[in-house]
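Student: Could you take me through one part of this protein up close? I'd like to know what sits where and what touches what.

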Amino acid sequence: QADTAPPKRQRPAKFEADGQSFVTDDKWNLSPAVIKLMERRLLQEQKNPLTLLKQRIVNHFHGKYRKPGGRSPLYAVCEQEPRVVSTFANFDSLLTPIDHVSRRSSDTYYVNEGHCLRAHTSAHQHKLMTQGLDNFLVVGDVYRRDEIDATHYPCFHQMEAVRLYSADELYQTRAGEELAVFEEIPDAERKPGKQERHTVDAVKALEIRLKSTLEDLSDALFGPECEKRWVDAYFPFTHPSYELEVKYEGKWLEVLGCGIMEQKLLESAGVTDKVGWAFGIGLERIAMVLYGVPDIRLFWSRDSGFLSQFEGLKPEDDVKYKPISAHPQVLFDISFWLPAGVAFDDMRADVCDVIRGAGGELIEQVKLSDEFENKKKGKNSQTYRIVYRSNEKALSKEEVNVVHKSIERELVEKFGVTMR
Ligand code: FA5
Ligand code: MG
């Protein structure tokens, strides 16, 4: 029966990513599909809406939170952390119990026994605190063997924030005033609302600062009229913990998890005199609400009908996604010589208007793709790329050609151009 048994998953001897090399073992469970996703790097694509959103959130934090004196941003931004992390970083450093579901091979992508693809940006908290950072944002792609549907995908993007405070920073006290962040009693109790080591004052102050930071972010992104609510949550590395949900298309959508950082985590990173909060946002969930993108899989689309809607925008620009047709695009170029004496600049807007007018509903995109001067002939040439697409049906080349020819005729008649 050997020939009917499913083939054992191909395992490479070595796996390389982000300048690191790992020897694989039997724990390896990366699929070719997930390796492809790793190679894509959506946040380096300028016109991907996730890149715009990332920049918008970073701008918000840089604008609102500054170091004393105001000259430099409070939060360091870390975008280049390696995506293969130790299981210590992804789980143990975050106090994840040994039998926690997230450690299972059915949930996490393992490179070998001791290394996995980061399942959340929290995997970098311990190392960055150890390096001495108190206030930082971490951005990047994370990987989970999750279900796939309109709001879940095996690779998605998170933005993490950590904010640590000394007692003075937290309470903004003046010299002489004393409010403690740590309990004096050595065996104080852990309660539903607080960790054993924290004073009630510290937890209240941290909760207010954490929630107002995130409510301000939510208002800046969605506007204050967008409905939101706080839900109690559980994470091994924060206590108490919360999730923020926003109303999207009539349903509550979880956009982030957060909480007061476990004091043990800070201590193990060498931070002995501070307390802090942390949060982790799902960028896709926010982008879906903000840009009206109905399906998480669209962020991976290479269809220019999708990407062109975000091209050339500034992070703060408002844009709502217009659904694209499921039928294929048909691409045609149009090239012509301009009449003598006519400047390039004088043509562009008018040519686009004529193309859109003559092509009507079938024109999805028009773009100037080339422009040059032929010095010898003393003539100027322009080329436009036209993307045709119908909402109703797959267009044939012949159908498109009829429309295309009528556009050419109109350009010749209106502007006196000569087709090349
Ligand atoms: C975490 O990943 C925690 N690390 C967040 C955190 C950080 C809590 C710091 C406390 C302190 P969670 O698994 O709930 O938590 O994911 C966080 C967010 O990522 C979710 O709110 C959601 O917006 C997004 N998310 C989770 N799973 C997926 C998925 N499969 N596809 C897309 N987005 C997802
Ligand atoms: Mg969650």
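**The sheet and its helices**

Tutor: Let's start with a helix on a sheet, and keep in mind that this is a predicted model. Helix α10, covering residues 344-359, lies across β14 and β15 (379-388), and its direction makes an angle of about 150° with β14. On that angle, α10 and β14 are roughly antiparallel, because anything over 145 degrees counts that way.

Now look at the sheet itself. It is an open sheet of four strands, in the order β14-β15-β13-β16, and the pairing is antiparallel. Strands in a sheet pair through their backbones, by hydrogen bonds. Who's at the edges? That would be β14 (363-374) and β16 (418-419). Each has a single partner strand, so one side of each has no neighbour in the sheet.

Let's zoom in on β16. Its pairing with β13 (residues 330-337) is antiparallel and runs over two bridges. In one spot you can see who faces whom: F336 has M419 of β16 as its bridge partner.

There's another helix to find here, α11, made of residues 397-415. Helix α11 lies across β13, β15 and β16, and runs at about 25° to β13. So α11 and β13 are roughly parallel, since the angle is under 35 degrees.

Where does this part belong in the chain? The domain assignment splits the chain into domain 1 (10-310) and domain 2 (330-419), and the C-alpha centres of the two lie 47 Å apart. Strand β13 covers residues 330-337, and domain 2 begins at 330.

For contrast, here's a helix pair from elsewhere in the chain. To describe two packed helices, people give the angle and the distance between their axes. The axes of α2 (residues 49-64) and α8 (residues 283-291) come within 10 Å and cross at roughly 100°, which makes these two helices roughly perpendicular to each other. On the α2 side, P49, L50, L53 and K54 make the contact, and on the α8 side it's L283, E284, I286, A287, L290 and Y291. Sort them by class and you get eight nonpolar, no polar and two charged residues.

Helix α8 has another role in the picture: along with β8 (155-165), β11 (251-261) and β12 (275-282), α8 supplies at least two residues each to the shell around ligand 1. The largest share, six residues, comes from β11. Of the 24 residues around ligand 1, the nearest are H120, F156, G257, G280 and G282. The shell's make-up is nine nonpolar, nine polar and six charged residues.

Terms used
Residues numbered from 1 in each chain as written. Chains lettered and ligands numbered in written order. Predicted model: local features only at pLDDT ≥ 70, side-chain atom pairs only at ≥ 80, totals over all residues. Axes fitted to C-alpha atoms, helices over the stretch in contact; angles between N-to-C directions. Parallel < 35°, antiparallel > 145°, perpendicular 65-115°, else oblique. Contact = placed C-beta atoms within 7 Å. Nonpolar A, V, L, I, M, F, W, Y, C, P; charged D, E, K, R; others polar. Pairing = 2+ DSSP bridges. Near = placed C-beta within 6 Å. Domains from an automatic or database assignment.
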